[in-house]
Amino acid sequence: MKPKLVQAASPLATIESDLDALFRDGKPIRREFGDGDRLHIDRPLPFLCVHVGSQQDAALDVVSASASYLIVANAGFAGEVARLMAKRIRDRCGAFLVLDIGELAEDRFLTEDVPFLPPFEIALAGGGTAAEKAALKRFAAAASGRDAKYRTPRVDEFNPTTRAEARLPDHLGNVARLTVRFAPIYRVPGTERVYPELRDLIVANMVDSALQAVSAFLKASKLEPPATHRSLGRRAYIDAVVRADRALDSVASTFDFLLAVTPINAEPAWQEFQAGGFERMPALLYRPLEFEVAAQKRKLYSVSLDHLEDPLLTRLLSEKQQELDLQLSMLAARETPSFVELGRALYGSVEPSLAARARTILEKTPRVASTARQKGLGADAVAAAARDMIAGYSAAYADFDASVEVRADLPAGLLVSRNRLLVSRDTNLPPERLTALLSHEIGVHLLTYFNGDAQGLAIFRNGLAGYEGMQEGLAVLAEYLVGGMTAARLRLIAARVIACQAMLAGAPFEYTFRVLHGDFGLDDRSAFNVVLRVFRGGGLAKDAIYLRGVAQVLDHLKSGGSLTPFWIGKISAAHFADIQELNARGLLRAPRLEPAFLSSDAARPRLKKAMAGIDPIDMVET
């Protein structure tokens, strides 16, 4: 008896079934048809970006960055899919637009009288309805508003029936369409090579312009347009993004940068420095590295970021990859002259305006008598208070699973390492500083770690590249909001800037100590602690970020900015617009927790004062 043949479902029937699941269960569509053809729809949307052809060009990157796209080699099949989707989605969304995106055959010089970097061509065509014309007009305006490395786009309309680059419109029937073709200016003339940075600029321009066109199409169709065109973007991480993020996290998890560059013999080093009359830098000892730097670098750059289909996430992960590379290079260069210069690349130099602000603080705030030998709260008392504060956050969010460890291998003070709060055995904290310090470490550093962990990508808990300045700025603001910003504390933060500036200029350890102790009046132990932090590892420029960061936060508040986006995870000021876009696209969750100190009676008037506009020196209350 012959086996019965089972006929495979046709691609269109499969797509019909996928659409049913999308509408019924909200299940995203990720359908592969072979030979690189695929359909991706992460939710019901009133548009479809289409790339017809088999070439691996920038137009394909534009299309694959969309939340709703089709990539196929055959224009006829593309038309069938588009007509099917139009029929189904128009009923759901009220309108439907196909954006047919491709490249022109060549980069023509549009003017003969411009020998250097002439304009480049973008050609558009659309249907005759008012909505299609509105989409074309908005795309043209958006695309014309950006240059690409000094080449300005010139947008013209073209007739799809007379251009070889346009093949899809013949197969769309009465489906609304916008055809986009742009010159391949990112290709090196006469070769198969490309200019990667220029390609990225072109892709970003086309993606943004396409979303603006869809927004205009919806408005002209008498439908409610989105609050921002960015909300039409991707709302789900594809597997390639998740894999790349996890791979970078695997590297980041192998080391704790600050622990690796923090001396383990701070107290003996102080005694040695004091015994030598403050004339010679003491010997500093560090933890041995538990990994091979070269092996981690190979692992780091084995992470492929080529097919993430999201230019913004690709850039964020690439920046983090480069930051991890710099940190690993610094660890390999501990206690060598290269460490300082690599640190300068990571944290930047001390800008003159920041140094001037630090000097003003040191000159105008009262010098404080030494408290080094006064009895304060010891490590066990601080650790107990920290556990109590953590318990409060854990009661509000069960996944706030932080631990507290008392360590003998740290300088006096507290340090957050991922989900752990480390308390130095040598800690001697004035009681009036307890709430401020715990709000700094737990209410900001640990809170943003766990909020970031809830976002779905590890990069938000580990920190976007350059996140530390904003983190420390928020943490210093927390100290002020709970009433714990003393003159002594602000002077230490300013002194760190002066010490960083001196170290980066080549000043030795003992000279920098004399500047802080003799010129600015820090007591000898406080001056030593500042200089120790700045010269750790061979010279670390990180400590200038505290004053720089809080100044940025205060400027942000004065301009009407909200603090809420900064609680989403560990982000930098430079990524504020990126976070707004990801939030508009629905890729980020609201923070699971906001700092408890924000809702306290003590914080409200101070926050109001900060929003009205203050300078860091105004945070000290007399």
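Tutor: A disulfide is a pair of cysteine sulfur atoms within 2.5 Å. In chemical terms, a disulfide is a covalent bond between the sulfur atoms of two cysteines.

Student: How many disulfides does the count come to by this rule?

Tutor: Zero. Cys49, for instance, is in no disulfide, and the nearest cysteine sulfur, that of Cys93, is 14 Å away. This is a predicted model, where local features need pLDDT of at least 70, side-chain atom pairs count only at pLDDT 80 or more, and totals for chains, interfaces and linings use all residues. Residues are numbered from 1 along each chain as its sequence is written, and side-chain values use heavy atoms, with hydrogens and water left out.

Student: Is Cys49 buried or exposed?

Tutor: Buried means under 20% relative accessible area, exposed over 50%, and partly exposed in between (1.4 Å probe, protein chains only). Cys49 has a relative accessible area of 4%, so Cys49 is buried. Cys500 counts as buried because its relative accessibility is 0%.

Student: What percentage of the residues of the chain count as buried?

Tutor: The figure is 56% of the 622 residues.

Student: How should I read contacts in the chain?

Tutor: Contact means heavy atoms within 4.5 Å. Take the contacts between residues at least 6 apart in sequence: 73% of these join residues at least 24 apart.

Student: Which helix and strand counts does the chain have?

Tutor: Helices (H or I, at least four residues) and strands (E, at least two) are DSSP runs, numbered from the N terminus. The chain has 22 helices and 11 strands. Its C-alpha trace spans about 90 × 65 × 60 Å along the principal axes.
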